[in-house]
Amino acid sequence: MAVRLGLGLPQHRQYDLAHDVTDVARTAERIGYDSVWVYERALVPENPTQGLYGIPGLPWPDFYKGMAHPLVTLTLAAAVTERVRLGSGILVAPLHGAFQLAKALATLDAASGGRVIAGLGPGWSTDEFAAASVTPYEERGRVLDEVIDVCRAVWGPDPVSHEGRLAKVDAAVVGPKPARPIPVLIAASGQKALTRVVDHGDGWIPVAMGAAAYADGWQRLQDIAAERGRSQPIERVPRVNALYSAKPYDGDDRQPFQGSAEQIVEDLAAHAEVGMDEVLIDLQTTPRDAQELKDVAAEVYEKARAAGL
């Protein structure tokens with residue numbers, strides 16, 4: 001069975017949101033992609049309190065500046081498509097009110113006929129937490145756990161009840177309900193986060209991992225699942241941040257998913273050998289405009305299918 005292929009929607013500032021989101025979403029569905037995806041970056045600080053991903057001294061990239069809101073972007077895509085799944089890969093859950101996030105995702109799923117995939121993560125930016133979260137950065141893991149609990153409650157049968165630190169719902173009717181149970185994918189790499197996937201998630205969305213790190217993470221996830229007695233399957237949807245170039249990258253320092261369409265597909269094949277159910281291919285960083293993004297997306301899709309993915 002072929003791996004499902006997903007495409008990242010245009011959210012970066014080189015794109016015209018009034019036209020390009022819907023254009024690329026329609027084109028992705030026409031090409032044959034199985035899903036379209038968004039991710040979240042709330043702001044870019046002028047004087048960051050930490051480097052990119054929390055790594056000291058690593059600068060934030062310019063393409064983060066002016067990023068479109070993920071749920072608004074996904075809603076635009078939902079309105080002009082019929083088949084593709086609609087994924088967040090990922091939403092920084094602690095930056096959103098738990099109850100309102102659950103209701104927004106349920107509404108989008110109901111309106112789209114059951115196509116939403118909720119990819120959630122705890123976040124890494126202290127600056128984003130200072131601007132948007134009402135909870136301390138240090139508690140982001142526990143906050144993510146409760147956000148998932150609130151979502152499960154709100155999406156479940158009425159009357160909805162929940163008692164927690166983030167929300168208190170006392171026997172209420174909450175609608176609309178999702179068209180079907182929304183799968184929750186969790187971003188994770190460390191041991192504690194992988195345990196969260198086993199305990200709270202339907203699937204795992206590893207972000208920007210090479211094949212070796214991906215294989216190691218999957219083995220650790222299986223070990224944790226066995227230790228904790230989980231029998232349900234764990235869906236695997238790695239997020240690939242591709243840096244496309246028209247010519248092959250021939251340097252010894254080539255990073256995974258950097259280079260030509262052929263090189264990107266070679267790296268996809270290495271992930272497929274480990275095993276994956278779907279892959280999110282985000283190609284939006286290097287194209288100059290939506291037309292180039294559509295052309296690259298079509299090329300990568302064609303070569304991936306020709307390679308048997």
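**Exercise 1. R228 and its partner**

Is R228 buried, partly exposed or exposed, and what is its relative accessible area?

*Solution.* A word before we start: the model you are looking at is predicted.

Step 1. Buried means under 20% relative accessible area and exposed means over 50%, with partly exposed in between.

Step 2. R228 has a relative accessible area of 48%, so R228 is partly exposed.

Step 3. Now look for its partner. The side chain of R228 meets that of D199 in a salt bridge, at 2.7 Å from N to O.

Step 4. R228 sits in the loop between α7 (211–227) and β10, while D199 belongs to helix α6, so this pair ties together parts that are 29 residues apart in sequence.

Step 5. D199 has 39% relative accessibility and therefore counts as partly exposed.

**Exercise 2. A salt bridge with a buried end**

Find the salt bridge between R180 and D109, and work out which parts of the chain it ties together.

*Solution.* Step 1. In this salt bridge, the closest N and O atoms of R180 and D109 are 2.5 Å apart.

Step 2. R180 is in the loop between β7 and β8, and D109 is in helix α3 (residues 98–112), so parts that are 71 residues apart in sequence are tied together.

Step 3. Check how each end is covered. R180, at 22% relative accessibility, counts as partly exposed. D109 has a relative accessible area of 0%, so D109 is buried.

**Exercise 3. Linking distant strands**

Which strands hold R85 and E235, and how many residues apart are the two?

*Solution.* Step 1. Begin with the contact: R85 and E235 form a salt bridge through their side chains, with 3.3 Å from N to O.

Step 2. R85 is in strand β3 (residues 85–88) and E235 in strand β10 (residues 235–236); the pair links distant parts of the chain, 150 residues apart.

Step 3. Both of these residues, R85 and E235, are buried.

Step 4. Widen the view. R4, R85, E235 and E278 are joined into one network by salt bridges that share partners. Across the whole structure, a search finds 21 salt bridges.

**Exercise 4. The largest pocket**

Describe the largest pocket: how much space lies in it, and which residues lie nearest its centre?

*Solution.* Step 1. The space in the largest pocket comes to about 1,300 Å³.

Step 2. Its lining has 49 residues, and Y53, I90, W124, V207 and A208 are those nearest the centre.

Step 3. Sort the lining by type: 23 residues are nonpolar, 14 are polar and 12 are charged.

Step 4. Look at which elements contribute. At least two lining residues come from each of α5 (140–155), α6 (191–200) and β11 (239–241). α6 gives the most, with six residues.

**Exercise 5. Two residues near the pocket centre**

Take Y53 and A208 from the previous exercise and compare their phi values and their exposure.

*Solution.* Step 1. Y53 has phi near 60 degrees, a positive value in a residue other than glycine. For A208, also a residue other than glycine, phi is positive too, near 55 degrees.

Step 2. Place them on the chain. Y53 is in the loop between β2 and α2, and A208 is in the loop between β9 (203–204) and α7.

Step 3. Y53, at 45% relative accessibility, counts as partly exposed, whereas A208, at 52%, counts as exposed.

Step 4. Follow Y53 to the surface. Together with I55 and L58, Y53 makes a nonpolar surface patch of about 270 Å². I55 lies in the loop between β2 (35–38) and α2 (70–79) and, at 43% relative accessibility, counts as partly exposed.

**Exercise 6. Cis peptide bonds**

Where do P159 and P176 lie, and which residues do cis peptide bonds join to them?

*Solution.* Step 1. D158 and P159 are joined by a cis peptide bond, with omega about 0 degrees. P159 is in the loop between α5 and β6 (160–163).

Step 2. From G175 to P176 the peptide bond is cis, and omega is near 0 degrees. P176 is in the loop between β7 and β8.

Step 3. Stay in that loop for one more residue: K177 lies between β7 (168–172) and β8 (184–186), and at 25% relative accessibility K177 counts as partly exposed.

Terms used:
Residues numbered from 1 in each chain as written. Predicted model: local features only at pLDDT ≥ 70, side-chain atom pairs only at ≥ 80, totals over all residues. Heavy atoms only, no water. 1 Å grid on protein atoms, 1.4 Å probe; cavity = no way out; pocket = protein on both sides within 12 Å on 5 of 7 lines; lining within 4 Å. Points joined across faces, edges and corners; volume = space filled by probe spheres on them. Helix = DSSP H or I, 4+ residues; strand = E, 2+ residues; numbered from the N terminus. Nonpolar A, V, L, I, M, F, W, Y, C, P; charged D, E, K, R; others polar. Patch = residues over 30% accessible without salt bridge, like charges linked within 9 Å, V, L, I, M, F, W, Y side chains within 5 Å. Areas by Shrake-Rupley, 256 points an atom, 1.4 Å probe, with all protein chains shown as cover. Salt bridge = Lys/Arg side-chain N within 4 Å of Asp/Glu carboxyl O. Buried < 20%, exposed > 50% of the residue type's maximum accessible area, 1.4 Å probe, protein only.
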